[in-house]
Amino acid sequence: MAFFRDGKSAALLAALLIGLPFATNDFVAYQIALFLIYGIAAQGVALCWGRLGFLPLGHALFFGLGAYIFGGTLKAAQADSLWYLLLPLAIAAPALLAYVIARLIFARSSRSGPYFSLITLALAMLGFLAAQQWRELTGGFNGMTNIPDIPGTERYETLFWLVAACAVVTTFALACLARRPIGVVWEAVSQNEERLQLLGYATDRIKANAFAFSALLASIAGALFSAHQGIVTPQAMGFLLSTEFVIWAAVGGKASALGPLLGATVVGFASAELREQFQYWEVAVAIMFIGIVLFMPNGVAGLLKRKNGERFAERSAAPLDRAPAKTIGGVTLSMDGVKTSKGGVTILDGLSLSLKGPGIRCVIGPNGAGKTSSFNVITGHLPLLAGNIRLNEQSIGGLPAWRVARMGIGRKMQVPSVFSDLTVRENLGLAVWAGRANVRDLLRMTTLGWRTVLLDSILNQFSALETQQNTLAGSLAQGHRQALELAMTLLPEPNLVLLDEPCAGLSPSETHHMIHAIKSLVQQIDAAALLIEHDISAVNAIGGEVFVLHQGRLLERGALAHIQSSTAVRAVYAGRRK
Amino acid sequence: MDRRNFIQATLAATAASAMPPAFAAGPLKVAVMIPQSGPAGLFGPSSKACAELAAATLNSRGGVLGRKVELLFGDAGLAPAEAGQTALRLWKGQKAEAVIGMHDSAVRGALVGLFKGQVPYFYTPVYEGGECAKGTYVKGETPQQQLEPVIPWLAAERKPTKWYLIGNDYIWGRNTNAAAKGYIEKTGAKVVGDEYVPFTVDNFDSSLARIRDSGADAVLVSLVGGAAVTFNKAFASFGLADKALRLGTLLEENTLAGIGLTNARNLYSSSGYFANIDTPAATAFAAEYSKRNGANAPALNGLAESTFEGFLMLEALAKKANSLDVPKMDAVSEGTTYQGPRGTATIKARHVVQDIYVADVTDRGFRVVKTFSNVDPGQTCKV
Amino acid sequence: MHDASVLLHGLNLAYALATLALTTLGLAIIFGLLGVMNMAHGEFVMLGAYSAVAVQQWGLPLIAAAPLAMAVCGVLGYVVERWLIRPLYARPFDTLLATWALAMLLRKLVEAVFGREYRNVESSLAAPMSVFGSQYPIYRLALIALAIVVMTGLYFWYRKSAAGLRVRAMTANPVLAQALGINTQKLASQAFVIGVVLAGLSGVLLAPLIRIEPGIGVDYLLDAFFVLVVGGLGTIGGLFGGVGIIGGLQALISSVAGQTSGYAVVLMLSILFLWLKPDGLFSRR
């Protein structure tokens with residue numbers, strides 16, 4: 001049943017392509033095949049850019065590598081048919097290279113931004129230079145010539161069918177993946193990578209995998225290209241072709257599976273035909289591209305498609321029994337002489353605090369005391385310059401956010417951090433899958449319907465989340481957004497929960513409801529929690545131990561009554577009444 | 001015949017000759033691949049003008065095999081694969097039945113691989129030799145024509161002792177210079193440097209510094225079009241024009257105009273044609289060209305003229321074989337002759353035996369200083 | 001004779017650094033100070049070069065190309081900043097793409113108007129002049145001298161003048177600068193226009209020395225980017241350091257192993273910096 005919906009665009013494409021040679025002639029089909037090939041590579045670009053939010057500006061590197069390697073193998077196979085066995089490897093090799101490159105780059109920083117694009121651009125240019133220089137391997141400027149047909153196909157007649165079949169398959173595959181949980185994860189990467197990391201997703205690996213997949217698409221396209229043209233020259237690896245892929249993906253629609261294919265075929269084919277006849281044709285294409293960037297960021301397909309193609313699955317009948325491991329005896333956190341600074345300003349100056357076992361503790365202190373920063377240094381957002389932090393005797397200083405999350409620490413941010421362009425249901429889903437879903441689960445439609453006992457409790461506490469399942473998280477009211485983020489923080493069932501002002505911006509009755517929910521849910525998952533709060537009545541309602549921070553150090557700890565009577569605390573809060 | 005019949009008969013005959021010749025069957029579409037961009041774009045306008053002149057000339061004689069010649073132009077100045085796509089569109093898409101190619105050797109390699117001998121292909125410009133593909137007929141001069149007799153002559157004239165070879169980094173630059181090395185060493189001179197630059201390079205500072213440091217007194221320039229212009233201008237502006245002579249096999253009138261006469265001291269060009277050659281056939285052609293294209297015509301040169309000759313070759317072979325079928329043309333090609341602006345040309349091993357001229361530069365342009373007659377192309381293609 | 005050779009190599013190096021500095025300057029302002037990735041930077045240089053071609057076609061002296069280039073680039077820069085860059089200030093990806101689209105548009109326009117063939121511009125100053133026994137083109141010596149003057153002037157203006165101080169304030173802390181009464185909107189617009197005008201003027205200066213065709217912009221853009229990535233954004237030291245390292249390295253490797261290797265080494269160095277030290281050597285951050 002799901003396949004039906006997945007296959008809509010692919011079926012449309014198949015129908016168009018089957019009719020094409022009969023409506024026109026073999027030669028036109030041959031020419032269209034070239035742009036279908038380019039379109040498959042453009043689909044790879046669109047996957048990274050439209051779904052995950054990073055733009056590869058040098059994708060022709062993988063296209064060209066695929067073309068040279070596959071073409072060279074076909075030529076070698078003419079002498080010795082043992083080479084045919086290497087053809088699948090020829091297609092896979094550029095994808096492997098892409099994976100290595102992406103892992104190296106993304107491991108350094110999660111800034112997928114324009115610097116990644118420039119690196120891919122520079123790599124494509126290096127590839128171009130290498131193709132020109134290594135004449136013995138590539139034929140240099142003249143190119144690798146006399147590439148034979150793929151066995152079983154004939155270049156000007158039957159190759160079109162192979163290309164068309166590949167295009168239909170890639171379109172189908174991309175549409176499938178987009179509607180499955182992995183598609184939700186991909187979009188989450190582009191919307192709020194930090195939040196995803198806090199849920200425990202290793203986003204650098206997710207991006208690298210996606211990049212490798214997109215390179216695989218480019219490589220397949222390159223392989224078909226070598227057989228289609230019979231010649232591969234360094235231009236197939238160069239900068240200009242890479243930018244054409246981007247343009248076709250943009251015009252056709254970067255958030256769509258079929259869009260880039262249409263972009264390449266229509267714009268590319270039209271350009272090839274009309275470039276000679278109309279002097280200003282390419283000027284018109286450039287103007288259209290500017291218009292698309294400014295006004296229609298999702299291209300033509302974006303105009304035609306609904307925003308959120310339904311990702312729907314029945315809510316599963318029974319809750320999952322999978323849950324992350326729980327620490328026996330409750331969790332222990334100890335921070336010892338922790339120092340951190342930013343921009344030359346010391347923020348934490350030897351903070352030492354510890355807790356053991358489940359229960360909510362509150363963290364209070366004047367502005368600038370270092371409350372949020374203490375959370376930041378635990379989850380790796382600030383560097384640990386001195387001292388150490390131990391979770392259950394294991395040192396966690398300096399680890400990346402997703403590793404810290406996987407060790408059983410959940411965090412809710414000061415400004416509610418959710419995935420604004422995903423629905424409430426999808427937001428919750430991401431949190432449910434964290435730590436539970438493996439790769440195979442993310443490829444299954446049924447995973448969209450997973451629920452847990454905790455999820456049911458949360459929806460009971462916050463009925464608004466239940467009724468607004470299909471609303472985009474970004475358009476929720478502040479109170480509901482806080483509730484959503486709280487839910488997402490708790491759903492992976494962490495052992496230690498860091499809550500940063502969960503009641504910020506809430507009315508008194510909402511605050512009361514929130515505190516009640518927090519107490520109940522934290523107890524349900526038997527977790528320890530640290531809660532930063534400014535509202536003393538809320539602190540009172542929670543009733544646990546209180547830590548007072550001041551100037552980056554722990555000033556006082558104990559029950560609220562003890563704190564309120566402490567002279568040291570009073571001196572710090574001199575003049576304040578609450 | 002009485003007077004009235006005579007007058008009637010004369011009038012009829014006059015009327016008949018005043019009408020254009022009637023053409024048989026459908027037009028003969030000829031694809032003409034000339035560079036309109038890139039370094040060789042310099043030769044585009046003049047080649048196009050010569051192609052059009054050729055079509056008009058052939059059509060005034062009744063066309064080829066009685067069919068009117070129609071031209072389809074394609075830009076051969078793109079990279080080889082892209083130029084191949086253009087040629088493919090003209091051949092399979094618009095049904096061209098013959099191809100005239102005036103473009104670089106890399107594009108030729110792509111087109112030969114594309115056509116695979118299924119359509120007659122006439123390659124007209126100077127090149128590095130060695131093209132023996134079936135169905136490919138080469139008008140262009142080879143190193144055996146342009147350099148083999150010329151380098152010894154230059155050695156005797158100017159007595160250079162140290163040669164530096166520079167070329168664009170592709171098959172023509174490399175193979176031409178490789179052939180030249182042999183001829184140079186046979187004269188007793190030494191080759192002190194040998195380098196190749198990609199088409200994208202337009203700054204020759206480091207190359208010129210190396211030429212200077214090597215102490216060369218002769219430079220063989222195997223650069224194409226725009227690259228040759230930039231190189232030669234810079235060469236002169238660094239004061240090297242008086243230190244070393246230059247010899248080029250692709251130095252024609254447009255390139256010279258770009259270089260500028262003041263920068264062309266001690267510059268020699270070896271070619272099968274110059275616009276100011278003194279033979280009756282050449283002067284008639286030059287006159288026809290200026291009449292047709294006016295005062296601001298693109299400068300006539302050897303490459304453009306070779307395009308014209310390509311059409312003459314096509315006409316001659318088609319007539320002799322009475323067909324455009326490649327195997328038939330191949331069968332009759334050896335020994336076929338035709339008359340053109342360069343004189344009588346004889347086809348040998350699918351190449352052309354032709355005269356070679358060596359020119360230097362005065363304040364009025366090229367001046368032919370030596371002529372070699374009927375130089376053998378030196379190719380071993382099996383026909 | 002050996003000294004003459006060293007002198008020639010030295011002058012060639014100075015020339016390479018001078019052209020790199022002049023063509024990068026515009027982007028150093030736009031990318032370094034405003035943080036805008038102007039992918040059309042090279043096309044403004046190209047427009048400057050074509051101004052020289054146009055001026056020569058009309059039979060005017062070469063010097064007339066300068067005001068023409070300033071006018072064309074100035075107007076275009078103002079329009080682009082107002083309607084293309086300003087709406088996209090917060091979206092660096094879209095700025096990159098929009099300016100890339102602009103670059104395409106300018107390239108294709110020039111192609112349609114002037115054609116794709118290579119052009120050349122003549123200058124009487126291209127003749128050689130004797131310099132300590134070596135022959136060197138006068139024009140290049142003038143260019144080197146001009147570059148030194150411009151860079152020195154720039155240094156003093158940026159570091160010592162009131163206007164330079166306002167610009168430094170704006171780039172360090174735009175919000176605070178605005179609160180102090182500095183009209184950052186106008187200053188940004190002016191900086192952008194100045195940046196593209198400088199790019200155009202560098203194109204005019206280089207016109208007699210380079211081949212001119214619609215596609216030359218990409219090379220200048222990439223060289224300028226690499227200089228800024230390695231040198232660092234927003235500081236004079238970054239510009240000088242980047243020019244020195246990139247230009248010097250490229251010249252050194254080219255003289256030993258050929259131009260392609262020189263360019264390849266520059267690419268590899270830039271990739272390393274983009275990967276490991278994206279803020280460059282002398283960044284203001």
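Which exposed residues does the face of α3(C) turned away from its buried side carry? The exercises below work through this and other points of a predicted model.

**Exercise 1. Sort the two faces of helix α3 of chain C.**

Step 1. List the buried residues. Helix α3 of chain C spans residues 65-85. Its buried residues are C:Ala65, C:Leu68, C:Ala69, C:Cys73, C:Leu76, C:Gly77, C:Val80, C:Glu81 and C:Ile85.

Step 2. Look down the axis. The buried residues of α3(C) fall within an arc of 165 degrees, so they line one face of the helix.

Step 3. Turn to the face away from the buried side. There α3(C) carries the exposed residues C:Pro67, C:Val79, C:Arg82 and C:Trp83.

Step 4. Find the packing partners. The buried residues of α3(C) pack against α2 (41-57), α4 (92-114) and α8 (184-206) of chain C.

**Exercise 2. Describe the side of chain C that touches chain A.**

Step 1. Count the residues. On chain C, 27 residues are in contact with 27 residues of chain A.

Step 2. Assign them to elements. Two elements of chain C give two or more residues to this side: α4 and α11 (259-276). The most comes from α4(C), with 14 residues.

Step 3. Sort by class. The side of chain C that touches chain A has 23 nonpolar, two polar and two charged residues.

Step 4. Link back to Exercise 1. Helix α4 of chain C also packs against the buried residues of α3(C).

**Exercise 3. Lay out the six-stranded sheet of chain A.**

Step 1. Write the order. The sheet is open and reads β6-β7-β8-β3-β9-β10 in chain A, with mixed pairing.

Step 2. Mark the edges. Strands β6 (409-412) and β10 (553-558) of chain A each have a single partner strand, so one side of each is left without a neighbour in the sheet.

Step 3. Add the twist. From one strand to the next, the twist averages 20 degrees.

Step 4. Check one pair. Strands β7 (residues 496-500) and β8 (residues 528-532) of chain A run parallel and are joined by five bridges. A:Leu498 has A:Leu530 in β8(A) as its bridge partner.

Step 5. Place the helix. Helix α16 (residues 371-378) of chain A packs on the sheet. It touches β3 (359-364), β6, β7, β8 and β9 (546-550) of chain A. The direction of α16 makes about 140 degrees with that of β7(A).

**Exercise 4. Characterise the fold and core of chain A.**

Step 1. Take stock of the chain. Chain A has 26 helices and ten strands. Its C-alpha atoms fill a box of roughly 90 × 50 × 50 Å along the principal axes.

Step 2. Check burial. Of the 578 residues in chain A, 53% are buried.

Step 3. Check contact range. Take the contacts in chain A with a separation of 6 or more: residues 24 or more positions apart account for 77% of them.

Step 4. Find the centres of the core. The largest nonpolar core holds 412 residues, and A:Ile37, A:Ala221 and A:Ala487 touch the most other members. Helix α3 (residues 26-52) of chain A gives the largest share, 18 residues.

Step 5. Zoom in on one centre. Neighbours within four places in sequence are left aside. A:Ala221 is then in contact with A:Ile37, A:Tyr38, A:Ile40, A:Ala41, A:Phe63 and A:Gly66.

**Exercise 5. Compare the sheet and two loop residues of chain B.**

Step 1. Order the strands. Five strands form an open sheet, β2-β1-β3-β4-β5 of chain B, with parallel pairing.

Step 2. Mark the edges. Strands β2 (69-75) and β5 (136-138) of chain B each have a single partner strand, so one side of each lacks a neighbour in the sheet. The twist averages 20 degrees from one strand to the next.

Step 3. Inspect a pair. Strands β3 (residues 98-101) and β4 (residues 121-123) of chain B pair in the parallel sense over three bridges. B:Val99 stands opposite B:Tyr121 in β4(B).

Step 4. Take the first loop residue. B:Lys95 lies in the loop between α3 (80-93) and β3 of chain B. Its phi is near 60 degrees, a positive value in a residue other than glycine. B:Lys95 is exposed, with 12 other C-beta atoms within 10 Å.

Step 5. Take the second. B:Asn266 lies in the loop between α10 (253-259) and β10 (267-271) of chain B. Phi of B:Asn266 is also near 60 degrees. B:Asn266 is partly exposed, with 19 other C-beta atoms within 10 Å.

Key. Residues numbered from 1 in each chain as written. Chains lettered and ligands numbered in written order. Predicted model: local features only at pLDDT ≥ 70, side-chain atom pairs only at ≥ 80, totals over all residues. Pairing = 2+ DSSP bridges. Helix = DSSP H or I, 4+ residues; strand = E, 2+ residues; numbered from the N terminus. Axes fitted to C-alpha atoms, helices over the stretch in contact; angles between N-to-C directions. Contact = placed C-beta atoms within 7 Å. Buried ≥ 20, exposed ≤ 12 C-beta atoms within 10 Å, placed from the backbone. Arc of directions from axis to C-beta. Nonpolar A, V, L, I, M, F, W, Y, C, P; charged D, E, K, R; others polar. Core = buried A, V, L, I, M, F, W, Y, C linked by C-beta atoms within 7 Å.
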